[in-house]
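Reader: I have a structure open and I'm not sure where to start. Can we go through it together?

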Amino acid sequence: MAHSSGDAESAAASTTSTADAAGRQVGGTRRLRTVRPDGTPVYRHEQPPSMPAVTVTRLGSPPPCDPADGDPGSHDTAAPPEHRHAHDFLVLTYVERDVGAIEVDGVVRPLRTGEVLALAPGRAVTPVAGSAPADGSAWSVSFTPDAVPALASVSPLTWSGHPLLALFTPDAPTALVPERDRDRWSRHLAELAAELAAPECLGAREAVTSLLTQVLIDAARLAPPQPDTRDALVERVFDRIEQTFREPVSAADVASALGYTPGHLTTLMRERTGRPLLEWITERRLTEVRRMLRETDLPLGVVAARTGLRDASYLVRRFRQRYGITPQRWRESQTG
């Protein structure tokens with residue numbers, strides 16, 4: 001049974017209070033975006049406009065020789081949401097010492113020492129109650145792909161196949177960091193947390209994107225070679241969106257062009273990608289909006305017309321709903 005809006009807000013409040021009780025996340029925050037028909041809340045990333053959309057969370061207890069021990073503020077602790085939930089952002093978790101297990105899309109996955117778990121947007125996650133040891137320790141990095149310069153310059157419809165995100169493919173196994181590299185992983189993540197904790201410092205934004213890129217490179221190198229398992233239908237849908245998103249097309253238009261009913265294609269896309277059809281269309285449009293805001297001084301009405309959105313007021317509403325900030329404020333943060 002689907003949650004009511006009140007239940008959803010309670011779930012969001014529960015998530016925030018759980019994190020606050022254990023410590024603070026460094027960087028952005030998690031905010032309720034929507035609730036699926038089955039009641040699963042979906043959270044979006046909300047970030048201070050001066051910094052990339054990146055959050056580092058310290059899970060459990062720091063190890064005895066934690067690289068961040070010299071700075072108590074750089075390893076804030078926060079528990080993950082205790083209820084079933086999904087994200088519209090990417091999550092990469094590095095386990096320093098066993099931290100129990102989580103259920104991902106119905107499959108229980110232990111989180112053991114040295115492992116790296118990558119979760120793509122849309123996957124349903126539930127922590128397994130009572131599975132976390134008292135001395136468990138991990139780092140979790142949440143981010144939107146366009147926080148990475150190499151990904152911000154390409155279509156979001158190609159992100160799933162980008163080499164930097166090789167570990168985020170649905171069939172990729174949990175990766176294991178060699179023992180010789182584990183101190184380096186902890187050090188990089190502690191440095192990333194420290195930069196996020198001091199956004200006023202000179203070059204903090206550039207340091208965050210550089211450190212995140214390095215972490216993703218390290219993660220991608222752990223991914224085993226994968227056969228080309230691209231879904232032919234998903235590729236057709238993405239091609240159609242890429243061709244038409246600048247026009248005022250709807251999910252029904254895309255479905256009709258491919259010979260499907262909107263409801264059926266939406267269901268297939270959710271099953272195969274974790275996200276419904278309309279969400280992919282909107283994501284493509286809003287990513288292009290962000291690119292145009294960053295790279296041009298065009299007025300919002302022109303940006304809306306060139307990205308398939310009805311008008312400036314509709315663009316502002318959708319942008320604020322998605323990113324928690326107005327387009328104008330976001331543009332100013334990119335050029336200031």
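**Overview**

Author: This is a predicted model. Its chain has a secondary structure of 11 helices and 12 strands.

Reader: How many of the residues are buried?

Author: Of the 336 residues in the chain, 51% are buried.

Reader: And the surface?

Author: The accessible surface of the chain is about 15,400 Å², and carbon and sulfur atoms account for 53% of that.

Reader: What about contacts along the chain?

Author: Take the contacts between residues at least 6 apart in sequence: 70% of them join residues at least 24 apart.

Reader: OK, sheets. In what order do the strands of the six-stranded one run?

Author: The order is β1-β4-β11-β6-β9-β12, in an open sheet with antiparallel pairing. β1 (26-27) and β12 (175-176) are the edge strands, each pairing on one side only.

Reader: What does β12 pair with, and over how many bridges?

Author: β12 pairs with β9 in the antiparallel sense, over two bridges. In that pairing, Glu115 has Leu176 of β12 as its bridge partner.

Reader: What holds strands together in general?

Author: Strands of a sheet pair through backbone hydrogen bonds, and the pairing can be parallel or antiparallel.

Reader: Which strands does α3 lie across?

Author: α3 lies across β1, β4, β6, β9, β11 and β12, and it runs at about 125° to β4.

Reader: And α4?

Author: α4 lies across β4, β6, β9, β11 and β12. Its angle to β11 is about 110°.

Reader: Which residues touch the most other members of the largest nonpolar core?

Author: Val54, Leu92, Phe143 and Trp185 do, in a core of 36 residues. At least two residues of this core come from each of β4 (54-60), β6 (90-97), β9 (115-119), β11 (137-143), α3 (182-197) and α4 (204-222). The largest share is from α4, with seven residues.

Reader: Any other core?

Author: There is a second, separate core of 17 residues, and its members include Leu233, Ala255, Leu258 and Leu265.

Reader: Why would nonpolar residues group like that?

Author: In soluble globular proteins, nonpolar side chains tend to be buried together.

Reader: Back to sheets. What is the strand order in the three-stranded one?

Author: That open sheet has the order β8-β7-β10, with antiparallel pairing. Its edge strands are β8 and β10 (125-127), and each pairs on one side only. Neighbouring strands in this sheet are turned by 30° against each other on average, ignoring direction.

Reader: How many bridges are there between β7 and β8?

Author: Four bridges, joining β7 (residues 101-104) and β8 (residues 107-110) in the antiparallel sense. The two strands form a hairpin with two residues between them. Asp105, in the turn, has a positive phi of about 50°.

Reader: And on the other side of β7?

Author: β7 pairs with β10 over three bridges, again antiparallel.

Reader: What does Val104 stand opposite in β8?

Author: Val107. In β10, the bridge partner of Val104 is Val125.

Reader: Last topic: α8. How many residues does it have?

Author: α8 (residues 277-295) has 19 residues. From first C-alpha to last it reaches 28 Å, close to the 27 Å expected at 1.5 Å a residue.

Reader: Is α8 mostly covered or mostly open?

Author: Mostly covered, with 15 of its 19 residues buried.

Technical notes: Residues are numbered from 1 along each chain as its sequence is written. This is a predicted model: local features need pLDDT of at least 70, side-chain atom pairs count only at pLDDT 80 or more; totals for chains, interfaces and linings use all residues. Side-chain values use heavy atoms; hydrogens and water are left out. Two strands pair if DSSP finds at least two bridges between them. Axes are lines fitted to C-alpha atoms, for helices over the stretch in contact, and angles run from 0 to 180 degrees between N-to-C directions. Buried means under 20% relative accessible area, exposed over 50%, partly exposed in between (1.4 Å probe, protein chains only). Contact means heavy atoms within 4.5 Å. Accessible areas come from the Shrake-Rupley method with a 1.4 Å probe; for residues, only the protein chains shown count as cover. The expected span of a helix is 1.5 Å times one less than its number of residues. A nonpolar core is a set of buried Ala, Val, Leu, Ile, Met, Phe, Trp, Tyr and Cys residues joined through side-chain atoms within 4.5 Å.
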